Amino acid sequence: AQVEQARAQPWYPLVGLPDLGSPTWRKQMDFDVRPFLRRLRLPILLLYGERDRWVPIEASLEAWRSAAGSNADLTVVSVPGAGHWPTLATDPRDLREQGPISPDYERALISWLQRLDL
């Protein structure tokens with residue numbers, strides 16, 4: 001019902017939601033990732049852009065932490081100036097967030113990989 005109310009808003013075409021009755025909608029919105037997260041037995045790097053407009057960061061972190069458990073090797077990094085993608089987009093209207101790759105993202109990824117000693 002809330003989505004149907006939102007459909008009347010001028011910004012609704014920008015949210016990118018499929019038709020509510022489509023199989024894609026059900027797969028995306030009803031998918032529970034937690035059982036899969038519980039099975040992971042490897043180090044995990046979670047990178048979140050501080051301005052992510054698509055992922056609710058706190059809810060995502062809670063899902064990871066509750067599913068992965070206290071023994072999980074989770075590294076969480078907030079990338080300053082980045083949105084959903086690890087770029088430093090200059091135009092807030094650019095939904096593709098085109099811009100240079102954040103050096104903070106690069107440093108975090110390299111540091112994490114080096115810690116793994118692959």
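Is Glu-106 buried, exposed or partly exposed? With a relative accessibility of 40%, Glu-106 counts as partly exposed, because that value falls between the 20% limit for buried and the 50% limit for exposed. Please keep in mind that this is a predicted model. Here is a friendly tour of the chain, from its overall build to a few residues you may like to find on screen.

**Overall build**

- The chain contains five helices and two strands, and along the sequence they follow the order α-α-α-β-α-β-α.
- The C-alpha trace spans about 50 × 35 × 20 Å along its principal axes.
- The radius of gyration is 17 Å, whereas a compact globule of 118 residues would have one near 13 Å.
- Of the 118 residues, 25% count as buried.
- The chain exposes about 8600 Å², and carbon and sulfur atoms supply 56% of that area.
- Among contacts with a separation of 6 or more, 55% join residues that are 24 or more positions apart.

**Nonpolar cores**

- In soluble globular proteins, nonpolar side chains tend to be buried together.
- The largest nonpolar core here has seven residues, namely Leu-37, Ile-44, Leu-46, Tyr-48, Leu-61, Trp-64 and Ala-67.
- Strand β1 (44-49) and helix α4 (57-68) each supply at least two residues of this core.
- A second, separate core has six residues, including Val-77, Val-79, Ala-82 and Trp-112.

**Tyr-48 and Ser-60**

- Setting aside neighbours within four places in sequence, Tyr-48 is in contact with Val-55, Ile-57, Ser-60, Leu-61, Trp-64, Val-76, Val-77, Ser-78 and Val-79.
- Two of those partners, Leu-61 and Trp-64, are listed with Tyr-48 in the seven-residue core, while Val-77 and Val-79 are listed in the second core.
- Ser-60 sits in helix α4, and it counts as buried because its relative accessibility is 18%, under the 20% limit.
- The side chains of Ser-60 and Tyr-48 make a polar contact at 2.6 Å.
- With neighbours within four places in sequence left out, Ser-60 is in contact with Tyr-48 and Val-55.

**Helix α5 and its ends**

- Glu-106 lies in helix α5, which covers residues 103-116.
- The C-alpha atom of Glu-106 is 8.7 Å from that of Pro-86, and these two residues are 20 residues apart along the chain.
- Does the length of α5 agree or disagree with what its residue count predicts? At 1.5 Å a residue, its 14 residues should span 20 Å, and the end C-alpha atoms are 20 Å apart, so the two values agree.
- At the start of α5, a side-chain oxygen of Ser-102 comes to within 3.1 Å of the backbone nitrogen of Asp-104.
- Just after α5, Asp-117 takes a positive phi of about 55 degrees.

**Glu-97 in the loop before α5**

- Glu-97 is found in the loop between β2 (74-79) and α5.
- Is Glu-97 buried or exposed? Glu-97 counts as buried, because its relative accessibility is 4% and the limit is 20%.
- Most residues other than glycine have a negative phi.
- Glu-97 is not a glycine, yet its phi is positive, at about 50 degrees.

How values were computed. Residues are numbered from 1 along each chain as its sequence is written. This is a predicted model: local features need pLDDT of at least 70, side-chain atom pairs count only at pLDDT 80 or more; totals for chains, interfaces and linings use all residues. Side-chain values use heavy atoms; hydrogens and water are left out. Helices (H or I, at least four residues) and strands (E, at least two) are DSSP runs, numbered from the N terminus. Buried means under 20% relative accessible area, exposed over 50%, partly exposed in between (1.4 Å probe, protein chains only). A nonpolar core is a set of buried Ala, Val, Leu, Ile, Met, Phe, Trp, Tyr and Cys residues joined through side-chain atoms within 4.5 Å. Contact means heavy atoms within 4.5 Å. The expected span of a helix is 1.5 Å times one less than its number of residues. A polar contact is a pair of N or O atoms within 3.5 Å; within protein, one must be able to donate a hydrogen and the other to accept it, and residues adjacent in sequence count only if both atoms are side-chain atoms. The radius of gyration is taken over C-alpha atoms; the globule rule is 2.2 Å times the number of residues to the power 0.38. Accessible areas come from the Shrake-Rupley method with a 1.4 Å probe; for residues, only the protein chains shown count as cover.
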